[in-house]
Amino acid sequence: MAETKREIERKYDVEAAAELPDLTGVASVAKVVDQGVVELDAVYHDTTDHLLLSDSITLRRRTGGDDEGWHLKLPVSRIEGARDEIQAPLADSVPSELSALVRSRVRGAELVPVMRLLTARDLRHLLDGKGALLAELSIDRVRAERLTEGGGTAEWAEIEVELADDVDPALLDAIEKKLKKLGVERSAAASKLAKAQAGTALSAARQLVAEGTLKPAKGKKGQKGERYTVIQPKDSAVQPDPVTAADHVLAYIRTQRDALVALDPDVRRDLPDSVHQMRVATRRMRSAFRSYRKLLDRSVTDPIGDELKWLAGELGVDRDQEVLAERLTGRIDAVPGTLLLGPVRARLSIWNVAGSVDARSRTVAALESSRYVQLLDSVDALLADPPLRKAATAAPGKALPKAARKDFARLEARIEHALALAPGEERDVAMHRARKAAKRARYAGEAAKPALGKPAKRFAKRMKAVQKVLGDHQDSVVAREALRNLAIQAHAAGETAFTWGLLYGQEEARAAEREHELPAVWHRASRPKLRSSLGG
């Protein structure tokens, strides 16, 4: 069974003969305890073209120390030096629970041993005045042995400082200040594997040949003075600045593709908000295909859009259950105790557990399917060789505003239709359709923001405000259906349905409030100046 811990650490380059400095008295460090030397043997696994390392991910099988086993390290955004380390017991091959977490990166590629690191770790514990562990300080003397691409070795030493759980990261800053005074600088390498990869390269040119970036020029056989031809990837990590309208749209699609890939392991680990964010990425990409269909060939984008709709639907079961449970729980929490009649909380809990298990199973099954991998491959292929139409070369200031205004016109028609209807089921359906149009217009504005600047930002903001009102209205519609079903279950079990009826009435009132609020929100969003400022 895999376990996860949050790792926050920093590494520093030192000479091979360096010794650990005494950090007693630095910040809250009251005592330094020698833990002796530990011998570590780690074999790192990756694809032959280093797909994991290129995303700052490491996967290793390590023996020695008190945490021997398999370790997968995933970067944590917005936290400097932080990675989530998922550990699995020692085994001969990569554990399935870890290989699943990197599937969006490696797809069908095989994970093979690429590097062996032998480390002699001289370890110290940094303790506070009460004897609690603050951090681990070590000097690692490392020997790296490349296991692919012709071999090669490298040796170096580095100081590593890793925070203990729940310790203020400011301690790292204080330690770094002390180390800098001693002439010790932070390592430029993101990980030991990254440093080993660079250090074991046989030569810059031969390494590039091995990675497929260079190839020997025709007629040359690798002798001194050989020439090489650069192999340009079609969808490289570093993209040129957008120039045409299609460039901006493709950059937006690429951002959503990257989000899908990065969020995959978070969704599998059931991290908070991960399903929602992944679903949003699928919707944004699909919306871009639809809003900017004049730029990209629909014979290519429509099938991908259909698959994105499928994925969003599978993720939606999990997300919708989560949102609905939070909404109903909040409603119950706000009801006075004297009005909570019957086992209301218990029934809601049973309903939520049953729904969550089913929703979670569908989400994981979708990510495990070959259909999902084929979808990711299709998006990669589109970005590598975009299916551009004639209008794709148009200036961003002309094509992007035109698409946004077209989406606005669709939203306008749906809003006016919904507002013209009397309250009831037909109006609920119309408002839900308007919500979808508002979301599409918002995403069109977001995609255009890098090119059009503040006008597109304001446009997207106003569309989001409309979407929010309509979204809360739709959530109320869904909540009322769930409350009705819960009331039926309670009645069938001989329980009073009073509280469920009370909550149903509250949701009806909430929906009426949103319907009353919509005209004013729409008035602000539909001002002609908002659209004319987009240009074009």
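**Exercise 1.** Which helix contributes the largest share of the positive patch?

*Solution.* The structure is a predicted model, in which local features need pLDDT of at least 70, side-chain atom pairs count only at pLDDT 80 or more, and totals for chains, interfaces and linings use all residues. Residues are numbered from 1 along each chain as its sequence is written, and side-chain values use heavy atoms, with hydrogens and water left out.

Step 1. A patch joins like charges within 9 Å, using residues with over 30% relative accessible area and no salt bridge (a side-chain nitrogen of Lys or Arg within 4 Å of a carboxyl oxygen of Asp or Glu).

Step 2. The members of the positive surface patch are Lys 449, Lys 454, Lys 457, Arg 458, Lys 461, Arg 462, Arg 524, Arg 527 and Lys 529.

Step 3. Helix α13 (residues 454-492) supplies 5 residues, the largest share. Helices here are DSSP runs of H or I with at least four residues.

**Exercise 2.** Determine whether Lys 454 is buried or exposed.

*Solution.* Step 1. Buried means under 20% relative accessible area and exposed over 50%, with partly exposed in between (1.4 Å probe, protein chains only).

Step 2. Lys 454, a residue of helix α13, counts as exposed because its relative accessibility is 65%.

**Exercise 3.** Describe the surroundings of the side chain of Arg 103.

*Solution.* Step 1. Arg 103 belongs to helix α2 (residues 103-106).

Step 2. Although buried, Arg 103 has no salt bridge; Glu 368, the nearest side chain of opposite charge, is 4.5 Å away.

Step 3. A polar atom of the Arg 103 side chain lies 2.8 Å from the backbone oxygen of Leu 367.

Terms used. Patch = residues over 30% accessible without salt bridge, like charges linked within 9 Å, V, L, I, M, F, W, Y side chains within 5 Å. Areas by Shrake-Rupley, 256 points an atom, 1.4 Å probe, with all protein chains shown as cover. Lys, Arg positive; Asp, Glu negative; His and termini not counted. Charge placed at Lys NZ, Arg CZ, Asp CG, Glu CD. Helix = DSSP H or I, 4+ residues; strand = E, 2+ residues; numbered from the N terminus. Polar contact = N/O pair within 3.5 Å; in protein donor to acceptor, adjacent residues only side chain to side chain.
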